[in-house]
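Me: I'm new to reading protein structures. Could you walk me through one, feature by feature?

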Amino acid sequence: MSTLQSNTRRDFLKKISLTGGGLMLGFKWFSAHAEMPAILNAADPVVVPAFNSYLSIATDGTVNIFSPNPELGQNIMTSFAQIVAEELDADWTKVRVTQAPLDTQKYERQLTGGSGAIPHSWMRLRKAGASARYLLLNAAAQRWGVPATECTADSGFIIHKPSGKKFSYGELATDAAKIEMPKEVPLKDRKDFKLIGKPIRNIKNKDIATGKPIFGLDYQREGMVHAMVQRPPAFGTKIKSIDSEAVKKQPGIIDVVKFQQNVAIVGRSTWEIMKAKKLLKVEYEKDGNIESTKDHDALFTTLMDAPNATVQRKDGDVAAAFQSAAKIIKNEYQCPFLPHSPLEPMNFFAHVRPDGIELVGPTQTPQRAREAVSKLLGVPEDKITVDITRLGGGFGRRLKFDYVLEAAELSSIIKKPVKVIWSREDDMMGGSYRPAVRYRFEAALDASGNLTGYKLRGVGINAGNNTRQDNFPVGAIPNVLIETVDHVSPITTGAWRAPITNFLAFAEQTFLDEVAEAAGKDPVAFRLELLDKARKSPVGKITYDIERFDTVIRQVAEKAGWGKKPGVFQGFSVYFSHASYVGQVCEVAMKDGKPAVQKIYAVSDCGQVINMSGALQQVRGAVVDGYGHAMFGKLSFKEGKAEQNNFNTYRLIRMKEIPEVDASFVDNGKDPTGLGEPALPPTGGAVANAIYKATGKRLKRQPFLEEPLFAKMQKTEES
Amino acid sequence: MPVYKLNINGKIRSVDVAADTPLLWVLRDHLQLPGTKFGCGIGQCGACTIHYDGVAVRSCVMPVSSVRDAKITTIEGLSENGDHPVQLAWDEVDVAQCGYCQAGQIMTAAALLKKTPKPTLEQVENAMHGNICRCGAYHRIREAVLEAAKKTKP
Ligand code: FES
Ligand code: FES
């Protein structure tokens, strides 16, 4: 058994006596410091002062766990509870999970993004469960008057081994609250895990399958009005004049309000507002660069040779390596902007009252949203509450809080509780996209096919540093230059699932494929050889674990029968992101002269898998997402305005287009790392590399559908 | 505004709304039945799927005036206790990610199985192709429909 060492200074939070029975543990689950629970004696969690987060056990044995991080489909509510329940030896059928509201006193990192919640909370949650188990076990031992060592916990009961007597957790909860906390609590060995790693069904399945009002869009409040907002349709414009006379006369319209560059139509129902909005006349004028996708293409070409690049990494002497190269390979790759398109459009409820502000809705980042509202309206944060509803997808879009600010500002103007909702068109045209980027990769090979020089220049639009300069294959190559140029544009961008790497990985992995071919090497052997170089003669800073990288490569090659399936065209790709390693092999078959993506094998090393069912979903979903967007996703601009505004013009992958996905995991028992994003980046590259094998054509731009290979096919089909 | 009497989940409900109000918004805003979801508003995503006399339709593009005396079923009325074979299969197969599309997926699947209790894989895919799942839960959606078919008595 591994043992938790406690830190006595901080272990014991305040002990608070409350009326009623039951056991309540308060501890900073998400704090970096106070790890150990305080003991509270309570029947009603609500009455506990707000300095901690809670796990409570009621006298009927119900274990209630508050889940602080926003749930957007990563299944965090189930996974968090599983970890606590594992160490607690709880009866899973008695576990209930509730979404906690924003509370910076109780929780740290109350955020969904960066695939970071599980790694951050892993030990904290285990300790929470183990501490509660210790108290229950000792309460039982005291009652029986036997040594605690004779007792064991199992599925919601403490059992006295010699006699077989047992008490349920509910029966012990009140007494357990009186036991003194230990200095250290033992944690389980992973071989004893009963819940962690198992496929446990989503704890909210029933609410979802019966249509319970759990999403932000479903939120209703007595006296609430609805609103939709007309935002500038083109980036780089501002309001010149507004004519809202016709709108105001429409049935159900309460008010038309201008604030910032927005015109809000306030009404009593959504449809009345949608209809009236069509009558709103707003004239816009230029307020910055008005950009089109066409201009961006030309701009990228200029920036590729611009002198003012930011150097992100430099190893050795690249110029010399390229001068003495036996072979040089050079290629460019480009991707368009992408909207996030979570299926639940943006929405938020706000009620700005004289005494404080209430915010309710779907957000990945409640804390930053509150800070921003506080700043905007000059109301102190402790007067603002944020309730987090379930998110109908996020993909990074809800890391922005523009839509929260809008709702709050509007409520402060109209002095009413209001829910602002976005239409799909608003959502797709309203900004915060995956940035458009172009990469140029160059490789120098010596006469024996060794990769001696490597250059990458990334140019992007509001993309910041669009490289991951310390990631593989850097570290294995003696001479490296990685640089970026960013163009500042009025078109807003933001984090999109697996930010930057969602396209960078495609470009890099297809490029490496080409380099391997030029070096006369098998793509898998070539990558392993590079890793071996990083192992034996590392160059500069290396951020990845060479052995874990090596293992996923070998494991996925083995699983997919790499090189052993005659007649099947295979493509390889592997990527490290969010502290996890994912290798993929794509299989393509030619059908009626066309390449058809059949199957993708994915082997992931995310350390200990928490929920096997959820983990498989994350990987399959990420592969479908990565493939779908690589194939079809494109948001283009004409004079500052998005040319696609709904799912009739913006194509999302659908059921008949998905490949089979064979997902599996490296079982190494390491502490868990992220899984919400890491399986997405490798997919585009695996697909493109397999398509190359099948057709001899390299795909270099996304969406693939617009590449000559597919464009030609589509034309023939149409004619 | 005209008053419409609608037969929804076995109950007659009256609403006083404009004739062109899509059934989706009648359900969500006027009848407190928000289980039917808004995803696109143009009949493209299937999040708003309901049953119109047992047939799956997009409520976002169906004006309330065209409903007449049709029997409308929403996700809230698919079963009394959430135990329709499709709902049970959705839990068993553990389909949902964010869950937002799932009411629409379930309604589409339930309508398919009503008409075709033992569908082939191809029939399942054809029926479900109109429903977008942005989270990409398609593999399990497909599996769950087939699983539900096993539970459905023809
Ligand atoms: S909301 Fe009706 S099909 Fe999308
Ligand atoms: S589960 Fe999120 S859209 Fe389908």
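Reply: Happy to. Take A:T683 as a starting point: its relative accessibility is 0%, so it counts as buried. Keep in mind that this is a predicted model.

Me: Where does A:T683 sit?

Reply: A:T683 belongs to helix α17 of chain A.

Me: And how many residues of helix α17 of chain A are buried?

Reply: That helix covers residues 681-695, and 13 of its 15 residues are buried, which leaves the helix mostly covered. Right after α17(A) comes A:G696, with a positive phi of about 75°.

Me: Which residues is A:T683 in contact with, once its neighbours within four places in sequence are left aside?

Reply: A:T683 is in contact with A:Q584, A:I600, A:A622, A:V623, A:G626 and A:Y627.

Me: Can we try a residue in a strand?

Reply: Sure, look at A:Y601, in strand β28 (residues 594-605) of chain A. Buried means under 20% relative accessible area, so A:Y601, at 7% relative accessibility, counts as buried. Leaving out residues up to four places away in sequence, A:Y601 touches A:V556, A:K559, A:A560, A:K565, A:G583, A:Q584, A:V585, A:E587 and A:D662.

Me: How do I compare separation along the chain with separation in space?

Reply: Put the two values side by side. A:Y601 and A:P68 are 533 residues apart along the chain, and their C-alpha atoms are separated by 33 Å.

Me: Next topic: pairs of helices. How do I read an angle between two of them?

Reply: Look at the directions of the axes. In chain A, the axes of helix α14 (residues 523-536) and helix α15 (residues 546-560) come within 10 Å and cross at roughly 165°. That angle is why α14(A) is roughly antiparallel to α15(A), since angles over 145 degrees count that way.

Me: Is the crossing of α14(A) and α15(A) left-handed or right-handed?

Reply: Their crossing is left-handed. On the α14(A) side, the residues that meet α15(A) are A:V524, A:R527, A:L528, A:L531, A:A534 and A:R535. Their partners in α15(A) are A:I546, A:E547, A:F549, A:D550, A:I553, A:R554 and A:A557. By class, that contact has 8 nonpolar, no polar and 5 charged residues.

Me: What about helices in chain B?

Reply: Try helix α3 (residues 102-115) and helix α4 (residues 121-128) of chain B, whose axes are 10 Å apart and which pack at an angle of about 135°. The angle makes α3(B) oblique to α4(B). Their contact involves B:Q105, B:T108, B:A109 and B:L112 of α3(B), plus B:Q123, B:V124, B:A127 and B:M128 of α4(B). Sorted by class, there are 5 nonpolar, 3 polar and no charged residues in this contact.

Me: How does helix α2 of chain B cross α3(B)?

Reply: Helix α2 spans residues 85-92, and its axis comes within 9 Å of that of α3(B), crossing at roughly 130°. The two are therefore oblique to each other, and their crossing is right-handed. From α2(B), B:V86, B:Q87 and B:W90 meet B:Q102, B:Q105, B:I106, B:A109, B:A110 and B:L113 in α3(B). The residues of this contact divide into 6 nonpolar, 3 polar and no charged.

Me: Last one: how many disulfides does the structure hold?

Reply: A disulfide is a covalent bond between the sulfur atoms of two cysteines. Over all chains, the structure holds 0 disulfides. You can still check how covered a cysteine is: B:C48 counts as buried because its relative accessibility is 3%, and B:C101 counts as buried at 4%.

Note on methods. Residues are numbered from 1 along each chain as its sequence is written. Chains are lettered from A and ligands numbered from 1 in the order in which they are written. This is a predicted model: local features need pLDDT of at least 70, side-chain atom pairs count only at pLDDT 80 or more; totals for chains, interfaces and linings use all residues. Side-chain values use heavy atoms; hydrogens and water are left out. Buried means under 20% relative accessible area, exposed over 50%, partly exposed in between (1.4 Å probe, protein chains only). Helices (H or I, at least four residues) and strands (E, at least two) are DSSP runs, numbered from the N terminus. Axes are lines fitted to C-alpha atoms, for helices over the stretch in contact, and angles run from 0 to 180 degrees between N-to-C directions. Angles under 35 degrees count as roughly parallel, over 145 as roughly antiparallel, 65 to 115 as roughly perpendicular and the rest as oblique. A crossing is left-handed if the near helix is turned anticlockwise from the far one by less than a right angle, and right-handed if clockwise. Contact means heavy atoms within 4.5 Å. Ala, Val, Leu, Ile, Met, Phe, Trp, Tyr, Cys and Pro count as nonpolar, Asp, Glu, Lys and Arg as charged, and the others, Gly among them, as polar. A disulfide is a pair of cysteine sulfur atoms within 2.5 Å.
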